[in-house]
Amino acid sequence: IRHAHPSLRSDRFMVNDQMILPDMAEIAWFDVRGDYVWDEAWNDPECRTLALRRATRGAEGIEATLVLINGSAENVRFVMPAPHFSWRVLVDTADPAKDEWPLETNEVDVSDRSVVVLGCRLVSN
């Protein structure tokens with residue numbers, strides 16, 4: 001997966017003030033509602049969920065990954081953060097033998113104590 005998705009193998013420390021699109025930084029953290037994670041959420045010792053989006057721009061366009069982490073004992077539904085893309089589920093650690101598949105909605109269920117990795121590519125015009 002790292003070989004096929006440049007956003008998972010950056011050669012430098014990614015920062016949230018480098019913009020890939022007008023409203024999309026190269027790295028950002030989100031909660032299950034698809035909202036940005038702010039200071040109070042980082043300091044919540046009971047929070048067991050987190051989403052990380054990383055994006056890069058290359059000669060062939062924009063490539064992004066979204067890592068959904070559920071460390072809780074319950075299944076959790078994540079809402080995809082804006083902007084909305086045609087995501088593909090690359091890996092679901094609750095069912096690692098399953099092949100990639102397109103995400104058909106703007107939400108994905110993540111099983112308890114598992115991780116789902118999504119990917120997408122936007123071709124430049």
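**Entry 1: pairing, and what I am looking at**

Two strands count as paired if DSSP finds at least two bridges between them. I start with that rule and apply it to β5 and β10, which pair in the antiparallel sense over 9 bridges. I looked for one pair of residues to hold on to, and noted that Thr65 stands opposite Gly119 in β10.

A reminder to myself: this is a predicted model. The mean pLDDT of the protein is 89, and 95% of its residues reach 70 or more. I then asked which element has the lowest mean pLDDT and which the highest. Helix α1, residues 39-42, is the lowest at 76, while β6 is the highest at 98. Where pLDDT is low, the predicted coordinates should not be read in detail.

**Entry 2: the open sheet**

Next I traced the sheet that holds β5 and β10. It is an open sheet of 6 strands, in the order β3-β4-β5-β10-β7-β8, and the pairing is antiparallel. Which strands are at the edges? I found β3 and β8 there, each pairing on one side only.

**Entry 3: β6 and β9**

I turned to another pair of strands. β6 and β9 pair in the antiparallel sense over 4 bridges. I wrote down two facing pairs: the bridge partner of Val76 in β9 is Val110, and Arg77 stands opposite Asp109 in β9.

In a regular strand the side chains alternate between the two faces of the sheet. With that in mind I checked which residues of each strand are covered. In β6, Val76 and Phe78 make up the covered face, whereas Arg77 and Val79 are on the uncovered one. In β9, Val108 and Val110 are covered, and Glu107 and Asp109 are uncovered.

**Entry 4: the nonpolar cores**

Which residues have the most contacts inside the largest nonpolar core? The core has 23 residues, and the ones I was after are Leu68, Phe78, Met80, Trp87 and Leu118. The elements that give two or more residues to this core are β3 (27-30), β4 (49-58), β5 (61-70), β6 (76-79), β9 (107-110) and β10 (114-122). β5 gives the most, with 4 residues.

I picked Leu68 for a closer look. Leaving aside its neighbours within four places in sequence, Leu68 is in contact with residues including Leu50, Ala51, Phe78 and Met80. Its contacts also include Val108 and Val110, along with Ser114, Val115, Val116 and Leu118.

There is a second, separate core of 5 residues. Among its members I noted Leu52, Val67, Leu90 and Val117.

**Entry 5: salt bridges**

How many salt bridges does the model have? The count comes to 6. I followed several of them.

The side chains of Arg77 and Glu107 meet in a salt bridge, 3.7 Å from N to O. This pair links distant parts of the chain, with Arg77 in strand β6 and Glu107 in strand β9, 30 residues apart. Are these two residues buried, partly exposed or exposed? Arg77 has 47% relative accessibility and counts as partly exposed; Glu107, at 34%, is partly exposed too.

Arg88 and Glu100 also meet through their side chains, at 3.3 Å from N to O. Arg88 is in strand β7 (residues 88-92), and Glu100 is in the loop between β7 and β8 (101-102), 12 residues apart. I have Arg88 as partly exposed at 34%, and Glu100 as partly exposed at 42%.

Salt bridges that share partners join Asp31, Arg33 and Asp35 into one network. Within it, Asp35 forms a salt bridge with Arg33, the closest N and O atoms being 3.4 Å apart. Asp35 is partly exposed at 39%, but Arg33 counts as exposed because its 56% relative accessibility is over the 50% cut-off.

**Entry 6: cysteines**

Last, I looked for disulfides. A search of the whole structure finds 0 of them. I still compared the surroundings of two cysteines. Cys120 counts as buried because its 5% relative accessibility is under the 20% cut-off. Cys47, with a relative accessible area of 36%, is partly exposed.

Conventions. Residues are numbered from 1 along each chain as its sequence is written. This is a predicted model: local features need pLDDT of at least 70, side-chain atom pairs count only at pLDDT 80 or more; totals for chains, interfaces and linings use all residues. Side-chain values use heavy atoms; hydrogens and water are left out. A disulfide is a pair of cysteine sulfur atoms within 2.5 Å. Buried means under 20% relative accessible area, exposed over 50%, partly exposed in between (1.4 Å probe, protein chains only). A nonpolar core is a set of buried Ala, Val, Leu, Ile, Met, Phe, Trp, Tyr and Cys residues joined through side-chain atoms within 4.5 Å. Contact means heavy atoms within 4.5 Å. pLDDT is the predictor's confidence in each residue, from 0 to 100. A salt bridge is a side-chain nitrogen of Lys or Arg within 4 Å of a carboxyl oxygen of Asp or Glu.
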